[in-house]
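Trainee: I am new to this structure and would like to understand the words people use for it. Could we go through a few of them together?

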Amino acid sequence: MSLDSLLDAVINDGIKFIFVGGKGGVGKTTSSSAIATLLARHCQRRILLVSTDPAHSLSDAFRCEFTNVPKCPGIENLDVMEVDPSDTMEAELNKWAELAKVIAGEEAGDEGDDMLKKIKQFQEWLVGIPGIDEATALSSAIKHIESNKYDLIVFDTAPTGHTLKLLGMPDILQAGIEKLQSWQSTLWSYWEVFKGLGSAASMKRAHAKEQVATMLEDYKRGIQKVALMLQDQKRTRFVVVCIAEFLSVSETQRLLRELKKNRVRATHVIVNQLVVGSALSKKELEELEGLAEVGSLQLNQSLLSKTVHACRLTTARKGIQENYLSQLKSFPETQEILDGICEVPLLAEEVTGNDALMRFAELMVRNPPSAVEQVNDNTGPFHLYDDQLEKVMDSVGEAEEKKSESDNILWSPAKGDVVRITGLEKSGQYNGLEGTVVSDLDSETNRCGIRIEYEGKAKTLALQVKNIKLLHKVKKAKSNEEPTTSAMEQPMSKAKQLLDDPEIIALIDSNPKFRDAVEDVLNNPMNFMKYLSDPEMSPLISKAMSKLKF
């Protein structure tokens, strides 16, 4: 039982990613370093070994300082890097912070704005997601494979708890990003109404808006790629590392169970620090103890006593390890990978430095491949999983298009509807822009007024129904309310509807200042801005924004 089948799969099956995980303190980093060394030496592949464990140990294992830039430790075909997930996450958050400053604008002063608040909320939410830091680091590591500089990446992962959080993270994050994407249209509607269309800063903000959309989409695709990579049955393998003790073996079973549930392909288990092959059996120990009891004139009695004590310890450990090794092999989760259980002996030396790692690595294989040709792939950069993502997007797009077509057939433009311009042949510069319906459909011309922002200025176009697609339908006003007539009135109409909400009513009744502010804003909507910077108004504004739907 060895890692021979793993090396064969690397050579013949096109494996791109190997994750090495397990409980802390069982030799996970040493094992991942040894695996990377084996692949570089025997498989003639360009290997990148990446640590995503916040407590990096690769530098200690190789006795060579590593950073987030790949560096060769002196072994041919091998580069190593230590990615600090928190640094990667901080860099990501800094991008959002810079965009938030642009969106707020210098003229906003202390007033703040909803988009800025929502981006900050997104930052806080992002940091709190279990496994997000490691997922962000993995997403950046995929780019190294896509650069075609490396054939395979070995990941020295954080301990089991982090790995389990990582497995459930992509779905959580995707749902959150989709939620934030839906926030964009709502928040930007407020921004354009209260900050003023056509201002000198609007062009800069429009560019920032595009950056937000692009960053969200790129981030979403990056996390989707992590999910696809983890569940890639062809390109990805997971190697679990443990020792033959109760806590480690129990945790290994749980990890294997979770990996299977999340469709991650685990093919090997490395059991480190074994004495089962070298320690005395119980019978041999009894013979030794008998010799020690009788004594010998030729042997130092103190030395003989120490020898017996040492043998008792190793024999006791052998019994414990044989028990838990047998349990490990009996688990339902290991029945399909019994030949992939690699038993590695306890060594008398520290496994640090290139030479010691190479010696340790050779203990993991029985018949390593020989005369493997170096792979020279000069095809240039490529993109992993884009085809799968496109299929998903196409299926979603088709569903949305059918729904849109169905809605358009039954739809008659109403003031306040949000639409997208499409199909203009002579004025193609407007295609793809979003706008708001500001006038009723003319029955003779079959046209209606669409208000848009173009090149920093507000414009109203008279377009036929065939050249607009419905994005968001305006909610009908109540029977005792006048219909909305402008983009300014649209947010206020929705805000007024909140005054019927029981929670909002209770909140307003609890504080006279809330009641006065509401009356002030109802009389003069532009006064809304002065309350944004008032900390006492924060509970009411936060509750209202959480309920407001566009």
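Mentor: Gladly; we will take a pair of helices and then a sheet, keeping in mind that this is a predicted model.

Trainee: Why is helix H1 called oblique to helix H2?

Mentor: The axes of H1 (residues 4–12) and H2 (residues 28–42) cross at roughly 50°. Angles under 35 degrees would count as roughly parallel, and 65 to 115 as roughly perpendicular. The crossing angle of roughly 50° fits neither range, so H1 is oblique to H2. The crossing is also right-handed, and the two axes come within 11 Å.

Trainee: Which residues make the contact between H1 and H2?

Mentor: H1 brings Leu6, Leu7 and Val10, while H2 brings Ile35, Leu38, Leu39 and His42. Contact here means heavy atoms within 4.5 Å. By class, the contact has 6 nonpolar residues, 1 polar residue and no charged ones.

Trainee: Now the sheet. What makes strands E8 and E9 a pair?

Mentor: A pair needs at least two bridges. Strand E8 (residues 418–421) and strand E9 (residues 434–437) have 3 bridges, in the antiparallel sense, so they meet that cut-off. One of the bridge partners in E9 is Thr436, which faces Val418 in this pairing.

Trainee: What makes E11 and E12 the edge strands?

Mentor: The open sheet has 5 strands in the order E11-E10-E9-E8-E12, with antiparallel pairing. Strand E11 (457–464) and strand E12 (468–472) each pair on one side only, so they are the edge strands. From one strand to the next, the twist averages 40°.

Conventions. Residues are numbered from 1 along each chain as its sequence is written. This is a predicted model: local features need pLDDT of at least 70, side-chain atom pairs count only at pLDDT 80 or more; totals for chains, interfaces and linings use all residues. Side-chain values use heavy atoms; hydrogens and water are left out. Helices (H or I, at least four residues) and strands (E, at least two) are DSSP runs, numbered from the N terminus. Axes are lines fitted to C-alpha atoms, for helices over the stretch in contact, and angles run from 0 to 180 degrees between N-to-C directions. Angles under 35 degrees count as roughly parallel, over 145 as roughly antiparallel, 65 to 115 as roughly perpendicular and the rest as oblique. A crossing is left-handed if the near helix is turned anticlockwise from the far one by less than a right angle, and right-handed if clockwise. Ala, Val, Leu, Ile, Met, Phe, Trp, Tyr, Cys and Pro count as nonpolar, Asp, Glu, Lys and Arg as charged, and the others, Gly among them, as polar.
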